[in-house]
Amino acid sequence: MIELIDVTKRYPGGHVAMANVSLYIPHGEMVFITGRSGAGKSTLLKLIGSLEKPTSGHIKIGNEDTSRLRRATLPYFRLNIGMIFQDHKLLYDRSVLDNVLLPLHIREISRTEATRRARAALEKVGLANRERSRPVTLSGGEQQRLCIARAIVGRPRLILADEPTANLDDDYAHEIMGILQALNESGDTILIATHDQDLIARYGKRRLTLANGNLS
Amino acid sequence: MTLGTHAQHHLDSLITAWQRLREQPLASAFSILVIGIALSLPTGLYLLITNLDRTSSGLTEHTEITVFLKPKIDTATALSLAETLRNEPGIRKLRFVSREDALLELQRSGLDDVLSSLSSNPLPHTLVIEPIQASPAQIRQLDQRLRQRPEVDAITSAEAWARRLAALLDFGVGLTWLLATVLALSLAAITGNTIRLQIYARRDEIEISRLIGATDRFIRRPFLYFGALQGLLGSLAALIFSGLAILWLNQSVAELATTYGSSFRLATLDLHISALLLVGGILLGLTGAWLSVAHTLRDFD
Ligand SMILES: Nc1ncnc2c1ncn2[C@@H]1O[C@H](COP(=O)(O)OP(=O)(O)OP(=O)(O)O)[C@@H](O)[C@H]1O
Ligand SMILES: [Mg+2]
């Protein structure tokens, strides 16, 4: 369960990206977040994922008030979340496989088990034959799929996907949506920020629309 | 998490550290060389001192120490002191010369006239001590122990040069420690700086790892291993350098020694000191890494 209570986010410099937002998302839901560019979609996901702290208000994930997490406990909280970043945040000087191994190494999963799981995740997103490549040699869509593999490989219960289909053609977009939907059906909570109205129409789930940092 | 996977993770960090060392072979070799040379200085000095000490032990073999007792000490007290001293460590032989014997000896040596003009025997009891073969420092210690006894009046000391050498060696030991301390600090600083540069080079990786849940401990670990590994290789280099130096010097020493009919050779580092050097190198690298990581990672917040 995700709950925002009167959350405001003012970035350094004064821009208010989120203004007094309250919302409730029950466990196991799949929710689309839409809105124009600059509306605050990424900001909302970062607040929920504890990558940004709210200026005021409270954010609860499960029973945890994450706006009060101490620095030392933050990493353990983040392990429960699979984040697909809008700007990918890949390790460009490492192989595709190494990128997917990173979350597993952080979880201190044994080397053989980690490699097995990383390969399975790459298989899922159709990158099995690219595991030795560097991310820079991948196309935009392939990089996107790599991000997805990295986000799901640690089997998080909450997935925050920021424009996961942005650079993908229809076929791949639906494949990715298929993966996310399967995870949702197995009980995971999934939040997807997207511009793609067709996608939302097709999957017909709950939709939150942001405009200038406000829910509408 | 089982103990097995935890150990595995440490092994992974060690492998990562090794890979990072090899990624920049020139820079790594240079750091290791600098550490090796710096550690060689106190190591070399230490070797010089131990060898000098060993050499001079042979030279003090036949030193005799004469102990003059105070005039008021009677024969019984003198004899019991002689008995006590015989059981002390560091003394090979002890001869008691009573004041009467000493007088007789003087009379025999032709000072009869002078002595007979005295109303009483002016000579004290004496003890003639032959120390066991010992280093100048040990002889000096014995000398000091004897001087502290209340019965003792004066001592003809162990030979002056031996005492001076002992003092010099003491000074050398002090200098070695001073040098070792100063260089240890600079080594920690070198390691710290190398690691600071590494951390900046891996800034993206560190930040991304943190975003997806890496703890500080996870991020620190490979850098700490890197520091320890670099320290170990540096001290290994120092061991090799000093070993080579001894080998090289021994060629001339051998030539010199044969002209004296001696088979003397310089000794290399013993096992204890070698182990100490290696462990010291690891600890220094680790300390430098720790300080650097703690300080640099704080900058990233
Ligand atoms: N780190 C930051 N510092 C200052 N301002 C920021 C920062 N991040 C975002 N903003 C501002 O906050 C507002 C919301 O940004 P956000 O990234 O949440 O929008 P978005 O809805 O994800 O847009 P897009 O669809 O283009 O990704 C924007 O006006 C942006 O300029
Ligand atoms: Mg965005």
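Which side chains meet in a salt bridge at 3.2 Å, N to O? The side chains of A:Lys89 and A:Asp87 do, as the second view sets out. This is a predicted model, in which local features need pLDDT of at least 70 and side-chain atom pairs count only at pLDDT 80 or more, while totals for chains, interfaces and linings use all residues. Residues are numbered from 1 along each chain as its sequence is written, chains are lettered from A and ligands numbered from 1 in the order in which they are written, and side-chain values use heavy atoms, with hydrogens and water left out.

**View 1. The magnesium ion (ligand 2) and its protein donors, A:Ser42 and A:Gln86.** The donor atoms are OG of A:Ser42 and OE1 of A:Gln86, lying 1.9 to 2.1 Å from the ion. The two residues are 44 apart in the chain: A:Ser42 belongs to helix α1 (residues 41–48), and A:Gln86 to the loop between β6 (81–84) and α3 (96–106). Donors are N, O and S atoms within 2.8 Å of the metal (3.2 Å for Na, K and Ca); water is not among the atoms, so sites may look incomplete. Helices (H or I, at least four residues) and strands (E, at least two) are DSSP runs, numbered from the N terminus. A:Ser42 counts as buried because its relative accessibility is 17%, whereas A:Gln86, at 44%, counts as partly exposed. Buried means under 20% relative accessible area, exposed over 50%, and partly exposed in between (1.4 Å probe, protein chains only).

**View 2. The salt bridge between A:Lys89 and A:Asp87.** A salt bridge is a side-chain nitrogen of Lys or Arg within 4 Å of a carboxyl oxygen of Asp or Glu; the structure holds 21 of them over all chains. Both partners here are partly exposed, A:Lys89 with a relative accessible area of 27% and A:Asp87 at 49%.

**View 3. The salt bridge between A:Arg157 and A:Asp188.** The N to O distance is 3.0 Å. This pair links distant parts of chain A, 31 residues apart: A:Arg157 lies in the loop between α5 (140–153) and β7 (158–162), and A:Asp188 in the loop between α6 and β8 (189–193). A:Arg157 is partly exposed at 43% relative accessibility, whereas A:Asp188 is buried, with 6%.

**View 4. The salt bridge between A:Arg206 and A:Glu29.** Here the side chains meet at 3.4 Å, N to O. A:Arg206 stands in strand β9 (residues 206–211) and A:Glu29 in the loop between β2 (16–25) and β3 (30–35), 177 residues apart in chain A. A:Arg206 counts as partly exposed at 29%, and A:Glu29 is partly exposed at 21%.

**View 5. A negative surface patch that includes A:Asp170.** The other members are A:Asp169, A:Asp171, A:Glu175 and A:Asp198. Helix α6 (residues 170–185) of chain A gives the most to the patch, with three residues. A:Asp170 has its place in this helix and is exposed, with a relative accessible area of 52%. Such patches are made of residues with over 30% relative accessible area and no salt bridge, like charges being joined within 9 Å and nonpolar side chains (Val, Leu, Ile, Met, Phe, Trp, Tyr) within 5 Å.

Notes
Areas by Shrake-Rupley, 256 points an atom, 1.4 Å probe, with all protein chains shown as cover. Lys, Arg positive; Asp, Glu negative; His and termini not counted. Charge placed at Lys NZ, Arg CZ, Asp CG, Glu CD.
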